[in-house]
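Please open the model in a viewer and keep its selection tool at hand. The tour below proceeds stop by stop, naming what to select and what is found there.

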Amino acid sequence: MSDTLPAPPAPAPPGRRVSGVPIRLEEVTKRYPGQDRPAVDSVSLDVAAGETVMFVGPSGCGKTTLLKMVNRLIEPSDGRIHLGDEDVTTQDPDRLRRRIGYVIQAGGLFPHMTVGTNVGMVPRMLGWEKARVAGRIDELLDLVGLDPDVYRDRYPKELSGGQQQRVGVARALAADPPVLLMDEPFGAVDPITRQRLQDELLRIQEELGKTIVFVTHDFDEAVKLGDRIVVFDVGARIVQYDTPEAILADPAEEYVADFVGAGATLKQLTLTRVHSLQLRQVTTASIGDDAAGAVARARAAGDDFVVVLDRRDRPISWPTLAEVSRMSAIPDTVDERLPVVGLQSTLNDALDTMLAASQGGAVVLGRRDGLAGIVSIETIMEAIQRARRETAG
Amino acid sequence: MWDFVVDRRGQIAYQAFQHVSLVVQCVLLGTVIALVLAALVYRSAAATSLANAVSAVGLTVPAFALLGILLAPFGFGITPAVIAVTFYAALPVLRNAVVGLAGVDGALIESARGMGMSRPATLLRVELPLAWPVILAGVRVSTQMVMGIAAIAAYVLGPGLGGFIFTGLSRLGGANSLNSALVGTIAIVLLALVLDLLLLLLGRLTTPRGIRV
C-alpha cells in the first residue's frame, strides 16, 4: 500500500467558466500477471471540475497507466472510478469513452479520412444530424486556429505536425466532453511549435473550463499548463499533489526537489505569465491598406513599426516604417519568423521566442489568435528584477 | 491459326467468358473467406502464424492433386472446380490481409478505441481501410494465379478456356491440336492482363487519397 496524500482540491477560482466534472479515483490498482509489484498501487486522487491536473514522474512510474484507467483503455484490477456523481467503473467502456476526450502524441489522426471527418467522428457515433456535425466541425477547427475552409477537406498527411496535433485536440473536444485526457500530446513536435500548442491549450481551456488530466515528462510543461501537479514515484505513488507554485516553493521530498530541478532564482520565468505584464499597444494595418496612411498613423502614435493583420485579424508580420514607406499598399506576406507568444505564455517562453527570432520583442496573441499587444525584452527583465526584489525583501 | 480462331470465335468467346466468370466469382468468394479468417486471427499471435503457415503450405499443394481428390466426393463438373479455384484464390489474400492488419499503427487503434469506437467498428472503419492497399495487392496476385489454375479445372470438366488446352494436348499431333492449346493459353494470358488492369483501376478508385502513395 502506498500512503496517498488526500487531495486538496479547492473549488476553481470564481468567475472562471467550468464545463468539466470532477474525477475521483478510489484505491485504483493495476496488477499485470507475472509482475510482483503492481504497476499502479492503490491510488486515490480527486481532480476538481474545470481544473488541469498534470501527471509527472519518471518513465515507468505508472502515470500513463493511471491515465488510461480513467477511460478504461486499461481496466483497473481494483478500485472505483467516478466521473461527477457517477460510478463509471462498470459502465460500458465504449459509451464512457465517447464522453471523455482523448488526445495522444502526434494526434492519432486517421490518415484515410479528411480533417473534417476525423473531427466529426464522435458526434457521428453519437448519432448527431449531418448539419449539426458539419457546423460543429467548423466551430472546432476555428477554435484551434485552423481556417475550416482551408483545412476541412485536407488529409492529415498534408498538415504539419503542429497542425495535426491541433486537429487531434479539436477531435477530442468534438462532442463537448466534460473531461479531456491527454497523453504526452506535445512530445513529438519541435520546441517552438510545442510552446504555441501549449499557449493554445491554455487559451482553449480558459474558454471552455474542461477537467483535463495531462501526462507529461516535462516539468516546465507541467508548471506552465497545470492548475495542479501530481508528482508520481514508482507504482504511481503520489509524492506530492499541489499547485505549481507550492511544489516549486516547497518540494515535499528530496525526490521532488531533484525532479523539479534547481534554478530557484529563475522560477519567476516559469511562474509569471505574459498577461501579467504591461503590454504595449501598437499601430496596426490590414492587408491592402494604403501604406502612406499607415506610416502617418504610426508616426503620430510614436511607433517605428506597424503590425499587419490578416482578414481574420491575426498578426502576420511587423514591418518597420522604413519598409512600409517603400510600398504602396500593405502586402499579405506572412513573416514565418514573426515571434509570437500567447497571453498565457510564461516569461521563459517569451524570452525563448525572442532569442530564437533574434528580436527584442514579441507579438502577443489573445483570443482566437487576435493581437493583444507587444511585449518587449525590457518589460520582461523589469518583471524578473521586481520579482527577485520581492522574494529577497 | 488465324482461321482456327475465326472459325471458332463463338466458342472461344463463350469459353473466355466462362473462364473469367469462374475466376472473378471464385476470387470474390475467396476474398470474403480470407477477410473473415484474417479478422478472426489477426489479434492473436499464435493464430496469425498458424494462418500464415496454412497459406504458405496450401500454395504448395499441386492443383492437379487437389482436383483429383475433390473428384471423389463431388464428381465431375463445376463444384470441384469452384472449390479448388476458391481455395487457391483465398490463400494470397489471407496472407496479405493478416500482414496488412498487423501493419496498422497501434496508436491509431488506441485512438479509435479511446474515442469510444467498438471493436467491430474499429476493424471496419480504421483497420480494414488502412490495410486495404495491401489486401488489394493480395487480390491481384490471387487473380493472376487462379487464371492459370482455372485452366487446370478443365481436367474435372469445369468451365473455361482450359478445355482448349486439354483438347489440344490430348490430340497432340492431330489437326489443329497445337492451335487449340495455343489459343487457350494466349487467351488466358491476355485476359489475365485485362483483369489486372481492372484491379489496378479498382485500387485507384477505392484507396482514399489520404493514404495513396
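Two strands pair if DSSP finds at least two bridges between them. Helices (H or I, at least four residues) and strands (E, at least two) are DSSP runs, numbered from the N terminus. This is a predicted model, in which local features need pLDDT of at least 70 and side-chain atom pairs count only at pLDDT 80 or more, while totals for chains, interfaces and linings use all residues. Residues are numbered from 1 along each chain as its sequence is written, and chains are lettered from A and ligands numbered from 1 in the order in which they are written.

**First stop: a sheet in chain A**

Select strands E11, E12 and E13 of chain A, which form an open sheet in that order with mixed pairing. E11 (284–286) and E13 (315–317) of chain A stand at the edges with a single partner strand each, so one side of each has no neighbour in the sheet. On average, neighbouring strands here are turned by 45° against each other, direction ignored. Angles run from 0 to 180 degrees between N-to-C directions, and axes are lines fitted to C-alpha atoms, for helices over the stretch in contact. Next, select strand E12 (residues 307–309) of chain A: two bridges join E12(A) to E13(A), and the two run antiparallel. Within E13(A), A:Ser317 is the bridge partner of A:Val308.

**Second stop: another sheet in chain A**

Select E14, E15 and E16 of chain A, an open sheet of three strands in that order, again with mixed pairing. Its edge strands are E14 (340–342) and E16 (371–376) of chain A, each pairing on one side only. Strand E15 (residues 361–365) of chain A runs antiparallel to E16(A) and is joined to E16(A) by five bridges. One residue to pick out is A:Leu365, whose bridge partner in E16(A) is A:Leu371. Now add helix H15 (residues 347–357) of chain A, which lies across E14, E15 and E16 of chain A and runs at about 125° to E15(A).

**Third stop: helix H2 of chain B and its partners**

Select helix H2 (residues 9–41) and helix H9 (residues 177–206) of chain B, which pack at an angle of about 50° with their axes 11 Å apart. H2(B) and H9(B) are therefore oblique to each other; angles under 35 degrees count as roughly parallel, over 145 as roughly antiparallel, 65 to 115 as roughly perpendicular and the rest as oblique. Their contact (C-beta atoms, placed from the backbone, within 7 Å) includes B:Ile12 and B:His19 of H2(B) and B:Val183 and B:Leu191 of H9(B).

Keep H2(B) selected and add H7(B): these helices pack at an angle of about 140°, with axes 9 Å apart. That angle makes H2(B) oblique to H7(B). Among the contact residues are B:His19, B:Cys26 and B:Ala39 of H2(B), together with B:Leu123 and B:Met147 of H7(B).

**Fourth stop: where the chains meet**

How many residues does the contact take from chain B and from chain A? The contact takes 17 residues from chain B and 19 residues from chain A. On chain B, helix H6 (106–114) and helix H7 (119–152) each supply at least two residues of the side that touches chain A. H6(B) gives the most to that side, with six residues.

**Last stop: the end of a helix**

Finally, select B:Gly75, which lies just after H4(B) and takes a positive phi of about 70°.

Note on methods
Contact = placed C-beta atoms within 7 Å.
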